[in-house]
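Please open the structure in your viewer and keep the selection tool at hand, as this tour goes from one selection to the next.

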Amino acid sequence: MNLSEFGRNSIWAAIIAVPMMISPAAAQQFIPVTTYDTGPYAVNGQPFMDGFVDYLKMLNARDGGINGVKLTWEECETGYKPDRFVECYERLKNKGEAGASLFNPLGTGLTYAVIDRAPQDKIPVISLGYGRTDASDGRVFPYIFPMVTNYWSQSTAKIKFIGQKLGGMDKLKGQKIANVHHDSAYGKETIPVLAKQAEIYGFEVTHFPVTHPGLDQKATWLQIRQYKPDWVILRGWGVMNQTAIKEAARIRFPRDQMIGVWWSCAEQDTVPAGAAADGYICAGFHAAGQDFPLIQDILKHVYDKGDGAGPKKAVGTILWNRGVVNAFLSVAGIKTAQKKFGNKVMSGEQVRWGLENLNLTAADIGSQGATGLVPPLKLSCLDHEGGGGVKFQQWVGDHWEMVSDWIETDQSIVRPMIEASAAKYAAEKGLTLRTGMSLGSECP
Amino acid sequence: MFYREAGQFKASYAADQSIFPIAQDRFGVLVILAVAFVFVPLVANEYWLRSILTPFLIFSLAALGLNILTGYAGQLSLGTAGFMAVGAFAAYNLQIRIPEIPFILDFVLAGLIAAAVGILFGLPSLRIKGFYLAVATLAAQFFLEWLFTRVGWFTNYSSSGVITAPPMVMFGFEFSGAQSRYLLTLSIVAVLALAAKNMVRSEIGRAWMAVRDMDVAAEVIGIRLLHTKLLAFAVSSFYCGIAGALWAYVYLGTVEPQAFDIFRSFEILFMIIIGGLGSILGSFLGAAFIVLLPIVLNNVSSIFAGGTLSAHTLSHLELVIFGSLIIFFLIVEPAGLARLWQIAKEKFRLWPFPY
């Protein structure tokens, strides 16, 4: 290498390195968007984050942001890996005028990785229908929000649904349930609550772990055939779901006795499985489709201008809608915070207050054109979940059909377990609980 | 010119046997250490310390461990991530079950436990070699991951199988800030790298290299194979175990067994192949390549975000560029980045009058 070449290379190095060190300051509300466009889970990650970004784009185009504050965001690729997510988190947490408003990791393992960091940095983390279940206890986890319904609540609704199908909860006695789960923090999250429910209702549950990424499940389903379960609970993500549905068809397990969690419940899971998916039932906490004024607004202000984050055909699919719901709730938290702190850029700490005091009534949701899309929620400093219900849907060839009403979760089972588990965590970490609070009280 | 050693006389055995016989190298290493210990913590922001330099150092340590085993002793291993997991879970269990032990001692004990496990899974190396040994160590990888996933005791019966590291407190000081954690990692890595450098220069290292080059010949000249191979496994696993504990405690703060899957083992193997087999420097260069390059690419691509390319395209482009660079470097220098540095040194020695 001669001198001029060396000089040239140094200049290039400087050009590349300098923008990395200086983060641009903007007088806008900054929302980090961590996504995964690569890897075995990309097929599910993409529509989710497209929906999220499309909602933000729509707010900027239609209303000029929220209450005069423009929204800005930056995407960061995590690949569904906790270490990459931590890198994204550290990179984005101080961007924008008041730092990152909140994070949406879209992954249980990813959420776990920032549970310690979030309170230190005072940035709330929304884990919408995923994440660490006992983080619903806001006394121990002030910055983590497993909103709408967490996995344990979902599990109680699921068992209730099975009970309904059988014609009474007493009929659950003696039933055999196979829990086919992704062998990760996400998949294992419901094991304790299922054990508890098995004890209460007298059914038998056996767990069948599937190793990441779950493309090969032949051995697992052979075991399931031997076990002869009455019901199969599917907790998969990404390519694992379609494989499981196909394998179930292969061993001729009736698909309408196979109940998936909401992360196994999208068109990405059923369409590739083809006819094997006919009759497959799974859970949801929001609606699919485009027939909501809110989504029509997104089509009008974003897609009609050719500005959509993803393909137009994804609009209205389950995961795209879930991205919209996630963005909707994030923005609702920011709006609530603005009511208290004024219509300016909110810091992470203020957004946390907003989320904790979020009270989304049916009227609020209706005024934003999202009736039926977003469930009414009320959070408090004690309860970071909000008390959403669960609806079950069935795949009928080419679309989903609702097969149940909103099923209430059974907090009499879940809440004591959450509090016990959170208390154990607090003891292990040497944390002190936020005191002087009761359910529904004013938050400090 | 830069590397001309003319005029540097060695007047004693100590001078002749020093780690860096050339003054320029000694000076260079001191400057790097000074920059790493003093300058970097002063100027680098939290993002750089926490999510770039700390994981780089931790992976360098793991790569160093594997390089001792594969690069120096010639025993191919795919169980690296498994041994890292042993370190992480051992440190966690020691910490929550015997909280009286200071955490730094926990790390050492965790390393020793990993070393013991390494010896156990190194036993097949006495009978099988090469790719067959790689398959045998694969058993370690899968068995250990399975063990930590299935046996609740290791995760203190956590429902999701994820452990969260307790705070690191020593003499009343809690290592919670980015700087203190970076310095802690750097100190551990510096001490262990120095130890590794000295080990490979000593009788032990020479025995390893003799076994690597031809184990029958090594046995003939009086090297005990059992002793040498198992020692390589033990030392390597000790390094990996400490790297695993640091990964869990210092970097992520939480760990699930899946963080130490087979892909992690491959990643570390690629580090030493790209960095240079049988080179301490190579472990660091390889770790820098595999850990830092994707992050740099990601950062660079985020500058272009919002322009003509969509975010989706950019994340795929990152993989394409990363893969191409791996191929490029392996074609340019199959012996690794460390060898490239060696060639550069030769050139600097003659520059500006090459003949």
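The stops below begin with a whole chain, then turn to the interface, to single salt bridges and to a surface patch.

Keep in mind throughout that this is a predicted model.

**Stop 1: chain B as a whole**

Select chain B and colour it by secondary structure, where 14 helices and four strands should appear. If you turn the chain along its principal axes, its C-alpha trace spans about 65 × 65 × 45 Å. Its radius of gyration is 21 Å, which agrees with the value near 20 Å that a compact globule of 355 residues would have. Of these 355 residues, 51% are buried, and among the contacts between residues at least 6 apart in sequence, 76% join residues at least 24 apart. With the surface switched on, chain B exposes about 16,200 Å², of which carbon and sulfur atoms supply 73%.

**Stop 2: where chain A and chain B meet**

Now show both chains and select the residues in contact, which are 44 residues of chain A and 46 residues of chain B. The size of an interface is often given as the accessible area lost when the parts come together. Here chain A and chain B bury about 3,800 Å² between them, with 51% of that area on carbon and sulfur atoms. Five salt bridges are found across this interface, while the count over all chains comes to 29.

**Stop 3: salt bridges between the chains**

Select E318(B) and R84(A), whose side chains meet in a salt bridge with an N to O distance of 3.2 Å. This pair joins two chains, because E318(B) lies in helix α13 (residues 311–332) of chain B and R84(A) in helix α3 of chain A. E318(B) counts as buried because its relative accessibility is 6%, and R84(A) is buried too, with a relative accessible area of 16%.

Move on to E46(B) and K93(A), where the side chains meet in a salt bridge at 2.8 Å, N to O.

**Stop 4: salt bridges within a chain**

In chain A, select K95(A) and E74(A), whose side chains form a salt bridge of 3.1 Å, N to O. The pair links distant parts of the chain, with K95(A) in the loop between α3 (82–92) and α4 (108–113) of chain A and E74(A) in strand β2 (residues 71–77), 21 residues apart. Are these two residues, K95(A) and E74(A), buried or exposed? Both K95(A) and E74(A) are buried.

In chain B, select K229(B) and D215(B), which meet through their side chains in a salt bridge of 3.5 Å, N to O. K229(B) lies in helix α10 (residues 225–252) and D215(B) in helix α9 (residues 215–220), so the pair ties together parts of chain B that are 14 residues apart in sequence. K229(B) is buried, with a relative accessible area of 3%, and D215(B) counts as buried at 10% relative accessibility.

Next, select E90(A), K93(A), R117(A), D121(A), E46(B) and R50(B) together, since salt bridges that share partners join these residues into one network.

**Stop 5: a nonpolar patch on the surface**

Finally, select F27(B), L30(B), V31(B), L33(B), V35(B), F37(B), V38(B), F39(B), L42(B) and V43(B), which form a nonpolar patch on the surface with about 960 Å² of accessible area together. One of these residues, F37(B), lies in helix α2 (residues 23–43) of chain B, and F37(B) counts as partly exposed because its relative accessibility is 31%.

Methods: Residues are numbered from 1 along each chain as its sequence is written. Chains are lettered from A and ligands numbered from 1 in the order in which they are written. This is a predicted model: local features need pLDDT of at least 70, side-chain atom pairs count only at pLDDT 80 or more; totals for chains, interfaces and linings use all residues. Side-chain values use heavy atoms; hydrogens and water are left out. Patches are made of residues with over 30% relative accessible area and no salt bridge: like charges are joined within 9 Å, nonpolar side chains (Val, Leu, Ile, Met, Phe, Trp, Tyr) within 5 Å. Accessible areas come from the Shrake-Rupley method with a 1.4 Å probe; for residues, only the protein chains shown count as cover. A salt bridge is a side-chain nitrogen of Lys or Arg within 4 Å of a carboxyl oxygen of Asp or Glu. Buried means under 20% relative accessible area, exposed over 50%, partly exposed in between (1.4 Å probe, protein chains only). The radius of gyration is taken over C-alpha atoms; the globule rule is 2.2 Å times the number of residues to the power 0.38. Contact means heavy atoms within 4.5 Å. Buried area is the accessible area (1.4 Å probe) that two parts lose on being put together, summed over both.
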